[in-house]
Structure formats: C-alpha cells, structure tokens
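Here is a short briefing for the bench. Look over the sequence and the fold first, then read the notes.

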Amino acid sequence: MREMKPNAVPTAEEMRRASLERVAIDASCRRAVLTWYASAVFWLLVGSTFALLASFKMHIPDWLTESGWLTFGRVRPAHLNTVAFGWGSMAGIASAIWMMARLGRVELKYGGLLVVAAMIWNIGIAVGAGGILLGHSTSIEWLEMPRPAPIILAVSLLIVSACIFVNFTRRRERHVYVSQWYILGAMFWMPMLYITAQWLCVELPARGVVQSAVNWWFAHNVLGLWVTPMGLATAYYLIPKVIGRPVYSYYLSIIGFWSLALFYSWAGMHHLVGGPMPAWMISASIVGSMMMLVPVGAVAVNHHFTMQGHFHELKHSPTLRFVVFGAMSYTVVSVQGAFESLRQFSEVAHFTHYTIAHAHLGMYGFFTMVMFGSGYYMIPRMTGREWASNWLIRLHFWSCALGIIMYFVTLTYGGWLQGLMLINPDVKFIEIVVKLTPYLHGRSMAGCLMTFGHVVFGLSLVLNLSGVGKRFGGGR
Amino acid sequence: MVPAELMVRATLLFSVIAFGGAAALVLAWAVQNGQFDNFTRAAEGIFDADEPIGQPTDRTLSAAAGERDA
C-alpha cells in the first residue's frame, strides 16, 4: 500500500508512478463503465420521451388516446421504470464500478462480466418497459415491470454486486473511504430489497396491509438505500477530488453513512399516512423520517464546508457544477421529505403534485445532476478525449438546472394549492382541475427544457465516444 | 396458519435478520479493523503524488480549455 505524506513534496518518479497507476485503473474500467453509462444515457432519452408524453397528457387529455400503449396509465409507469432502473441505476452502477476501482487502487477484474451484466440489464429494461406499454403492468408502484423482466434484472444485479464485492476484496488500499461504504451498502441493500419486494408483492404475493407496507418499504428504499448512497458516494469522491481538498470532516461523513443505514429503512411507510395501516407502523416511520435529519445534516455541513473558499472552481469544472447543484438539492429535498412525512403536512400535500415536485427534486435535482457530473469527470478519462464543446456543456447544465428549478417551483406551489382545495368540501373537483392547468403547462415546459438538455448531453457523449475532441490532458 | 402466511412471515423475519445482522457484523469488523482510527489519513486517501491536496483536477471550462470552442 502506498501512503501519501501530505506535506512532503513528491518526487518526479512518485508522480509518474501515481499517474501510471491511475491511468491503468481507468483503462481497466473502460469497457464496463462506458457500456453502463452509454446505456444509461440511452434510457434517459427514452424515459424523457415518455415523461413528455405523460406530462402533455395531463393538460391535453385527448392527445394520443387512439392507441392503448400511448395512454397515460402505461406511459407514466414506462417513464418511471426507464428513468429509475434504466438511467438512474445504470449511471449509478457505472460510477460505482469506477470509484471502487480507483478507491481500492486496483485494476478492475471481471470487466467483461460486467459488460455482460449491462447487456442483461438492458434486456430486462426493454422487456419490462415493453411489457408495461403492452398493458401487462403489475400495477404495483415501482414494481410495475411484468415477468420475466424482474428475474432478468435480479440476475444482472446479483452479478454486479458480486463483481463489486470481489473487486473490493482485491483492493490494495486497505482503508475503506466513505464513498466505498456507501457503494458497498447500496450493493448489499438493493439486491435484497428488490428480490424480497418482488417475492412478497408480486410472486407470492402477500395481501392487504403487508403488501402495501412492503411496496412502500421497497419504493422508498430504492431512493434511500440505492439511489442516495450512490449519489452521495459520488459527491463524497468528486467534490474533494475536483477542488483538491479533503472532505471537511471525515468523522461527520461516517456518522452520516451509519445513521442513514440505521434510520432510512424505517421511512417508507410515511407514504401510507391516512391509509388503513396500524397507526404504530406509520408513527414509527415518521420517527425514522425525522431522524433522517441527522445524516442529512451531516452531509450538508460536510459538503458546504468542504466547498467553502472553493466556490470559484464552479467556473472551471462542469463536474463540480453538476455535483454541487446535486448536493444542494439533496439537502433541500431531504429536509423537505422529513417534514412532508408529518401527518399534519400530509393532510395537504398527500396525493397532490407537491409530492411529484418533491420526488423529482430528489431523483433529478440531486441524483441525476450528480450522475451528469460523474459522467463529465469519468468519460474523458476512459476515452482519452476531452469533451468536444464547452458550449454544449454549458447548454446542458443551464437547461437542466433551470428546467428542474422551474419544475419544482411550479408543481410545489400548484400542488399545495391543489391540496388546500382538495380538503375543502366547498370546492368542486372540476374547479381544481381548471385551476391546476397553468401549473401543468409549466410542468411540461420545464420537462421540455430538461429533455433538451438530455439531447445535448447525448450529443456530447456520442461525439466523445466517436473520438471527436482534443486528446485528454489530465483535466488540469 | 396457511402456508402463504407462513412464507410471508418467514421472508419478513429473514429480511430483518439479514439487514440488521449484516449491519452489526460489518460495524464490528470496521471497528476491529481500525477503519475509524485515523480520520485525517482516511480523508486524504483519495489524493496521490500526481494529484495531491491543493491540486484541482477538473478545469475543463477554464479559459485555456475554452479555446477549443473557437
């Protein structure tokens, strides 16, 4: 194991060796990471198309109703599954593979197997999304994909987890960095969550209260124990790495990880506030949700103080722009989520567009933006090419950033009004529908902005993979 | 109790034990293994001689790199 002495000036030979080691590690990840990440971007574009269709149908309900597969009830779950399992999971796995190799200071082994796993995963998403569009959805939220898609995805997930754990045991750096903790957690939790939930909700299935409890235990934990750990792992690696400054408090980062592991899996049942559930289960879940302020506070303090004095780097680094935007969104969405779980809050916000805005701030404002940042850092190091155009990068950032801000503000305000009207018995339902129309137009405009950004990013990625762009010079 | 109910209870029990047990085991391993002994070194572990502390590693949008667009 090679240790770095912080205050010692490295010799030219030490620098050369470190550089060669890093380049060799990046090269070993090339095929696997590019396959996972490029597939992710493909599904992002597909999922964005479904998103726009679903969004426009909210205010043009007669649009594209002639074909069953283009109806809202199919397009909306197709959107959720392609972006959550296609884009989000695949981009997260790409980042995880690369970071585990780098942090373990060891070249990736079984890269070929990971490429095969990516192919299997792609087949699973295609079969699942196709099944939903053909009308075979299970109708259980977040588990809509019909058989055999879940089996295909579970096989791929187990291969990925096994490869990551095996590579972890081969590491040369014995210390486990906080990003590794998060990734190992995610790789353990997600296969268990997915297989257990699939078994209990769809295959067996458990009925009544147990089924809905397991459903929301799974759906919420996909965010908290799969997406969040991979997003935070990436932020904890890339923010210090890009600005060249160690994380402000490593102690806090470890507190953050272990408190997330302790509290998050309690939180899912707050989605069932007001439902026919035992009151103690909902209460326990609300307590778990409020306790999430501990890990969220730890992460927020850490990221802010790590960045303090280095905000000028946002001008230079696309990675930092996206990741810092994502980290700030994480704080906002998590604090909001904790309070949203309260019964009094749910009285208004539940079953409204307010919740949709919250979910998108988490999955998009936080996770997707961090994954874009991760791509901007990883891809040139894999392909050996700089990004073809800085203009395209800026266009991507601003369209996505403005898009998600517009989406969040519009639906948060509109959703709250919707909630107030829904609990007022003097307001007719049709009045609520009419009153919400401008907010739904705003949602579609925001969706167009974000989708435009995705197309721009897709173009940048295709150019990079095609070898367009200067030779990569180390990012400095 | 019908077999389906038994299966549900067995699955839930297994999940609780697996989730909680794994967390307890890993935490014990981490403490014994000295993973929480030296936080300063842990935080600096992502840097190396070629990309040391104080060295930004992504200036893609800086003035020099921006010339690519011209």
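The notes below cover a pocket and a surface patch.

This is a predicted model. The second largest pocket holds about 1,200 Å³ of space. Elsewhere in these notes, a nonpolar surface patch of about 670 Å² is described.

**Second largest pocket**

- The lining of the second largest pocket counts 37 residues.
- Closest to the pocket centre are W217(A), S265(A), S15(B), F19(B) and G20(B).
- Chain A gives two or more lining residues from each of α4 (149-169), α5 (178-203), α6 (209-243), α7 (250-263) and α8 (279-291).
- Chain B does so through α1 (3-32).
- α1(B) supplies the largest share of the lining, 10 residues.
- By residue type, the lining has 31 nonpolar and 6 polar residues.
- No charged residue lines this pocket.

**Nonpolar surface patch**

- The patch is made by L420(A), L422(A), I423(A), F429(A), I430(A), V433(A) and V434(A).
- Two helices of chain A, α13 (390-422) and α14 (429-465), each supply at least two of the patch residues.
- The largest share, 4 residues, comes from α14(A).

**I430(A) in the patch**

- I430(A) is one of the patch residues.
- I430(A) sits in helix α14 of chain A.
- Is I430(A) buried or exposed?
- I430(A) counts as exposed because its relative accessible area is 53%, and the cut-off for exposed is over 50%.

Note on methods:
Residues are numbered from 1 along each chain as its sequence is written. Chains are lettered from A and ligands numbered from 1 in the order in which they are written. This is a predicted model: local features need pLDDT of at least 70, side-chain atom pairs count only at pLDDT 80 or more; totals for chains, interfaces and linings use all residues. Side-chain values use heavy atoms; hydrogens and water are left out. On a 1 Å grid over the protein atoms alone, a cavity is a set of points where a 1.4 Å probe fits but cannot get out, and a pocket is an open set with protein on both sides within 12 Å along at least five of seven lines; lining residues have an atom within 4 Å of a point. Grid points are joined across faces, edges and corners, and a volume is the space filled by probe spheres set on the points. Ala, Val, Leu, Ile, Met, Phe, Trp, Tyr, Cys and Pro count as nonpolar, Asp, Glu, Lys and Arg as charged, and the others, Gly among them, as polar. Patches are made of residues with over 30% relative accessible area and no salt bridge: like charges are joined within 9 Å, nonpolar side chains (Val, Leu, Ile, Met, Phe, Trp, Tyr) within 5 Å. Accessible areas come from the Shrake-Rupley method with a 1.4 Å probe; for residues, only the protein chains shown count as cover. A salt bridge is a side-chain nitrogen of Lys or Arg within 4 Å of a carboxyl oxygen of Asp or Glu. Buried means under 20% relative accessible area, exposed over 50%, partly exposed in between (1.4 Å probe, protein chains only).
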